[in-house]
Each structure stands twice: as structure tokens, then as C-alpha cells.
Amino acid sequence: MYSITNWKNAKKPNYNTNVDKLFPYSEVPYLGEYNLVKIPVSLNNLIQHVDYWGEGRIVSEGGINGFTNCYNVHHQYHVVSGGADRDSKIPNRIPVASCSECDTSAYIRDNSVITVTVTDASRINTSCAKDIARIVNNDLGRVIVYGSQSNSSETLTLALELERKGLYACPQVDLPEDLQGLKFDSHVAFLNNLEANNCLYKNITNSNYERAISMTQMLANVENGQIIDQVVTKLINDAPRTAMSYAYKLWNGGARDLVRKHFRKSFAYILNEDPVTIANLKFHQPLKLDMDTDSYGDRLVWGDNACNLSSERVSWKLIPVWDNDGVTFKLYNIDCSMYLKLDVNVDNIGDRQAWGSNNSDELRHRYYLEPGFKNGSLVFHIVNCEYKQGLKMAVAVDEIGDRGLWGHGGSSIDDSRLCWLIKPFSDPSVDESDLLFRL
């Protein structure tokens, strides 16, 4: 396949299209340890880009392959295989002895490359994978494999080596402009912890849920899922509605085990539509519906002063509904078979009374759940989609100590009145403070 004669007689590298990196080994064979100058000369200046099995920029009918401004690792007698420079020597080439003996340690220092690309994934073997892992920088580095899927044998071989360097497989991430434009329709990026964290967070907040689910599954076994835990905590703190939508997409995207592992237990109860109690954080009263109905057949909603958590009256189910911008919920009282809604009318301070309704076909029957942390417990703001009012419990009590439920009109308020604990109806003793994330 390779001919030293053909290689010696090949044309010089094209440094009109490709940037001349001024590396002296493009036109000499593999030299092993013979008086070589390693790059970079100083580790204060890392190598920006190495394309493993690269040949420089190749433009053909099939599209574009390779890069103009990088070092290209390749077989010592390989020449450019296509395009206008076909049969020329490879520009900026760093030689290896053979395709199965991939050792650039005489040429490239350990831990010295920021970006390693592979545009011929079929050539990845154990020797190649070990060499890539050796040269890529474990703090700033990344490896991009084009034309491959995350579960291919070649990619898995590379993944085993890169995990030892703290780089993890992330399929179909957005690439910087200088790494785009090649002919391949797929790629897998191996990113360091910080980049993987930022990439997963960005996919979620940009609603790229298909990518986010795939990436979450890839990261599930990395350091026991610490990156996922970090992203979930950040979402709850900074983008709580998105955290709920992310959990919903995982739950309905074949990753329920990841929701159970990386989210508080309340998420699983909610998304599985289990019977739950919804209790106010400040007053510790669970929601129930009135025994009596009004002229429309609706029932007022109360906080139960008796706190009888075994009563069917305080059992609810949250029914998810996906909207274009995320997941919303209908709050369904199991005992009365009614849905919680807010009144169309307001009182003198802009609050709206909450009712149980037989129908659920209006936007005022739906709510955003916004998870958050209060004193180590997971709580939820429950915000009406139609009126953008959070549910709160009244301060005043009736003759039996129950409190009415209202949509908050916007004046200053103790936030704990707006916070709700959602626990399983079948096991109301579960304490969310015992279910902290593994930070």
C-alpha cells in the first residue's frame, strides 16, 4: 500500500492552501529518537491543533476534508489521497512508523495539544487512541472524531483512553467555526469536565433536548454522574422551569433511571403521575377541596388545618402537558375528580381565588412548576400559566383553622407562603431534607 519510492518522488507539500507551520519533518520519514526537536518548544505555548490521520485541506466532489492550519499525523510514506494536491507530500506532517505503531512521542510532547481532530475514524486503533490521549491537554484539550457515532467500536476504543485524561464523549456538540464545514454529517466530541458541563447546560437551556438526552446518557457513568448532578443543581438555581422540562424530557425519552438518580424524588412522583400531597411550606397545611359546591359546581380550595395526610381529600395528581416552551401541569384532585383553576375575577389587591373545576380546557387550569431549595428542602413555586400568579396560602383562617388558596397579585409577601412541598400520598413521612443532591 505504501511505497517509499513514490513518497520520495512526490511533489512538495502545498503551502499556498495550507499554512506552513515550519515543522521540519514533512519531507523526512519516521526518525524515532534521532536528534529530534519536540513541539511545542515550551509548554507555556500549547499546540493549537493536530489532525490525526490528516492530509491538509482536501476539496473534492464529495465535500471538504481536513484543515489548512494544523499539524497532520500520518504514516511516514503516505501522500495526499485526493483533491488538487493528490499524490503530493502531506503539509505539516508528523510521521508515525505505521498505522498500527502510532507513537509521536519523539515529535510531540505529552499533554501539549488543545484540539485533536480525527477525520478518518476507521483508523482509530488502540495504539492510535493511546497516542491521542497522550498528546491532548487534560485541562484545556478536546478531541473531535468526525464521521462516527458515539457507540462505534473505534469511538469506544478512544473513549477508554480519554476517560483516563478526564475527557468525556459528547455527541453532536456545536463546534467552533474553524472546525465546521467538513463533509461529515456526524461527529463525537470528547470534552473536559468544564466544557462538558457547559455544553450540556447550553443544550438544555436552548431546548436541544434530543442532544441533551443523548449527552446525559453518555455522561451517566462519568465520575458517578457528577457532571449531571452539577447541571441539575445549576438549572434549579438559575432556570427552574427549564429544570422541570429537562426532567420531563428525560422521563419520556427512555431515561427514567437518570431522573430517579440525579433529581430529588419528588420529580419522579410528579412525572409518574403518582398520588401526592401538596403542602404549604410556611403553614404545613396540605391542599384539599371544599365539601360543598357553588352554583357552578365548583369547590373552593383550602389548606387543611387537621393535616390529615391519610385523607383521600388531600390526594392529588399532577398531569404534565407539553407546550412549545416547556412542560406545564394540571393539578387534579383525586377524591373529587376536579382540576385546580384560578378565578377570572380579582379581589381589591389583585389576588384570585382558587377553585376545583370539573373541566380543564382553559389555560387557567395549567401551571408551571418552579423547583428551588429552602433550608435544604426541595420546594416548588406553582405559577398559573394564564395569569402568571403563584399559588399562595392565606394568612387568615376560617372558623376551623383552614386557610384559603389564592393566586398572588404581586404585592410584597413572605416567600415561604408561595412555596410548596410535594410528597407521595402513600408515604407522607418522606423527608425531602434527606434527599440532598450529591454535590
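**Exercise 1: Helix 5 and its surroundings**

Find out which elements the buried residues of helix 5 pack against in this predicted model.

*Solution.* Start with the helix itself, which covers residues 209-219. Its buried residues are Tyr209, Ala212, Ile213, Met215, Thr216 and Leu219. Now look at what these residues touch. On the helix side, they pack against helix 4 (193-205), helix 6 (226-238), helix 7 (240-251) and helix 8 (256-262). On the strand side, they pack against strand 8 (167-171) and strand 13 (316-323).

**Exercise 2: Two helices crossing**

Work out how helix 6 and helix 7 are placed against each other.

*Solution.* Two numbers do the job here: packed helices are described by the angle between their axes and the distance between the axes. For helix 6 and helix 7, the axes come within 5 Å and cross at roughly 135°. That crossing makes helix 6 oblique to helix 7. Next, pick out the residues that meet. Helix 6 brings Ile228, Val232, Leu235, Ile236 and Asp238, while helix 7 brings Pro240, Thr242, Ala243 and Tyr246. Sort them by class and you get seven nonpolar, one polar and one charged residues.

**Exercise 3: Reading an open sheet**

Lay out the seven-stranded open sheet and say which strands stand at its edges.

*Solution.* Write down the strand order: 5-4-1-6-7-9-8, with mixed pairing. Then check the two ends. Strand 5 (93-96) and strand 8 each have a single partner strand, so one side of each is left without a neighbour in the sheet. On average, neighbouring strands are turned by 20° against each other, direction ignored.

Now walk along part of the order, pair by pair:

- Strand 6 (residues 113-118) and strand 7 (residues 142-146) are parallel, with four bridges; here valine 116 has valine 143 as its bridge partner.
- Strand 7 and strand 9 are antiparallel, with five bridges; valine 143 is partnered by phenylalanine 190 in strand 9.
- Strand 8 and strand 9 are antiparallel too, joined by five bridges; cysteine 170 stands opposite alanine 189 in strand 9.

**Exercise 4: A strand with buried residues on both sides**

Decide whether the residues of strand 9 are buried or exposed, and which way they point.

*Solution.* Remember that in a regular strand the side chains alternate between the two faces of the sheet. In strand 9, His187, Ala189 and Leu191 point one way, and Val188, Phe190 and Asn192 point the other way. Under the cut-off of under 20% relative accessible area, six of the six residues are buried, so strand 9 is largely enclosed by the rest of the structure.

**Exercise 5: Strand 18 and its partners**

Find the strands that pair with strand 18, and say how they run.

*Solution.* Take strand 17 (residues 366-374) to begin with: eight bridges join it to strand 18, and the two run antiparallel. One such pairing puts phenylalanine 373 with leucine 378. The link is a hairpin with two residues between the strands, and asparagine 375 in the turn has a positive phi of about 55°. Then there's strand 21 (residues 419-424), also antiparallel to strand 18, with two bridges. In this pairing, phenylalanine 380 has tryptophan 420 as its partner. Finally, check burial: seven of the eight residues of strand 18 (residues 377-384) are buried, so strand 18 is largely enclosed by the rest of the structure.

Conventions:
Residues are numbered from 1 along each chain as its sequence is written. This is a predicted model: local features need pLDDT of at least 70, side-chain atom pairs count only at pLDDT 80 or more; totals for chains, interfaces and linings use all residues. Side-chain values use heavy atoms; hydrogens and water are left out. Buried means under 20% relative accessible area, exposed over 50%, partly exposed in between (1.4 Å probe, protein chains only). Two strands pair if DSSP finds at least two bridges between them. Contact means heavy atoms within 4.5 Å. Axes are lines fitted to C-alpha atoms, for helices over the stretch in contact, and angles run from 0 to 180 degrees between N-to-C directions. Angles under 35 degrees count as roughly parallel, over 145 as roughly antiparallel, 65 to 115 as roughly perpendicular and the rest as oblique. Ala, Val, Leu, Ile, Met, Phe, Trp, Tyr, Cys and Pro count as nonpolar, Asp, Glu, Lys and Arg as charged, and the others, Gly among them, as polar.
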